[in-house]
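Please open the structure in your viewer and keep the selection panel at hand. The stops below are meant to be followed in order.

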Amino acid sequence: MAKIETERREFIKYSTLGILGVVLAGGVVFSPYALKAENRLRPPGAVSEKEFLGLCIKCGQCLQVCPFHSIKLADIATGHGEGTPYIDALERGCWGCEAVPCVLACPSGALDHECSKIEDAHLGIAVLEFPDRCLAVNETPVPKGYNDKMKKFVDGVTNINELELKLLEKFDGYEGKECTLCADMCPIPNPMSAISMIPDSKGGKRPEIYDGCIGCGACEEVCPTNSPSIVIKPRVTYKSFYENKS
Ligand code: SF4
Ligand code: SF4
Ligand code: SF4
């Protein structure tokens with residue numbers, strides 16, 4: 001009985017918020033869910049957010065073929081775009097399959113088949129948002145237990161595959177060493193086109209991002225600081241972020 005009451009309260013809460021969002025969106029103010037959704041990282045090949053929401057039939061095919069368990073479907077708690085696929089790079093980024101099976105599996109055009117290899121994808125752009133936290137900038141070695149998060153993720157997956165285990169192996173062995181994890185783990189075929197460690201003015205090093213970055217989110221996932229120092233700006237381009245800054 002208590003559970004039913006809780007579910008009912010949750011339903012009323014989300015319905016009310018949903019209606020409020022629609023009402024506000026009809027005026028000048030946008031729903032907070034809509035704003036959040038604009039910042040959602042979509043799978044490779046995703047067309048513009050507006051088109052994506054119209055085209056995606058919420059079939060979950062992309063999610064089923066992803067060997068890294070990177071794709072989730074938005075539920076009612078995530079509000080806007082319920083049932084559509086997204087990537088939470090904090091938990092698991094896209095690990096850049098060369099032949100983009102998620103795109104191949106998509107029957108609706110929401111993931112554009114023009115994206116035929118991972119370098120064609122553009123999910124967003126990586127940004128060293130919190131350089132003050134970055135271990136490389138601060139010349140702090142990679143701490144003990146840095147890989148617990150990825151181990152826990154893999155432990156929680158029932159149909160784990162070999163690629164995920166290989167990833168874990170590659171990720172191991174950094175404890176006590178200089179942190180170069182974001183650059184070393186970048187999964188695209190030519191990672192140097194996306195990221196490299198360069199000397200920082202404070203004496204340490206820092207990751208620098210280049211226009212080959214596809215915004216896959218792997219660097220955000222592996223960053224060992226409590227809250228990642230490097231984060232992905234979904235749907236933002238290198239040009240709009242870096243070139244307009246300089
Ligand atoms: S490219 Fe591979 S890892 Fe990335 S979302 Fe698609 S299937 Fe998953
Ligand atoms: S395969 Fe395409 S249509 Fe199906 S959920 Fe994924 S993006 Fe949407
Ligand atoms: S730097 Fe590499 S790992 Fe990070 S988002 Fe860009 S392509 Fe992905």
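Begin by selecting the shell of residues around ligand 1, bearing in mind that this is a predicted model, and colour that shell by class: 12 of its residues are nonpolar and 2 are polar, while none is charged. The shell has 14 residues, and those that come nearest to ligand 1 are Cys66, Phe68, Cys94, Cys97 and Cys102, which can be shown as sticks.

Next, clear that selection and pick residues 148–155, which form helix 6, together with residues 162–171, which form helix 7. The axes of helix 6 and helix 7 lie 11 Å apart, and the two helices pack at an angle of about 165 degrees. An angle over 145 degrees counts as roughly antiparallel, and helix 6 and helix 7 are therefore described as roughly antiparallel to each other. If you turn the view so that one helix lies in front of the other, the crossing of helix 6 and helix 7 is left-handed.

Keep both helices on screen and add the side chains that make the contact, namely Met150, Lys151 and Val154 from helix 6, and Glu164, Leu168 and Phe171 from helix 7. Coloured by class, the residues of this contact of helix 6 with helix 7 comprise 4 that are nonpolar and 2 that are charged, with no polar ones.

Finally, select the whole protein chain, whose secondary structure comes to 10 helices and 6 strands. How many of the 246 residues of the protein chain, as a percentage, count as buried? The share is 34%. Among contacts in the protein chain with a separation of 6 or more, 67% are between residues 24 or more positions apart.

Definitions and conventions
Residues numbered from 1 in each chain as written. Chains lettered and ligands numbered in written order. Predicted model: local features only at pLDDT ≥ 70, side-chain atom pairs only at ≥ 80, totals over all residues. Near = placed C-beta within 6 Å. Nonpolar A, V, L, I, M, F, W, Y, C, P; charged D, E, K, R; others polar. Axes fitted to C-alpha atoms, helices over the stretch in contact; angles between N-to-C directions. Helix = DSSP H or I, 4+ residues; strand = E, 2+ residues; numbered from the N terminus. Parallel < 35°, antiparallel > 145°, perpendicular 65-115°, else oblique. Left-handed = near helix turned anticlockwise from the far one by under 90°. Contact = placed C-beta atoms within 7 Å. Buried ≥ 20, exposed ≤ 12 C-beta atoms within 10 Å, placed from the backbone.
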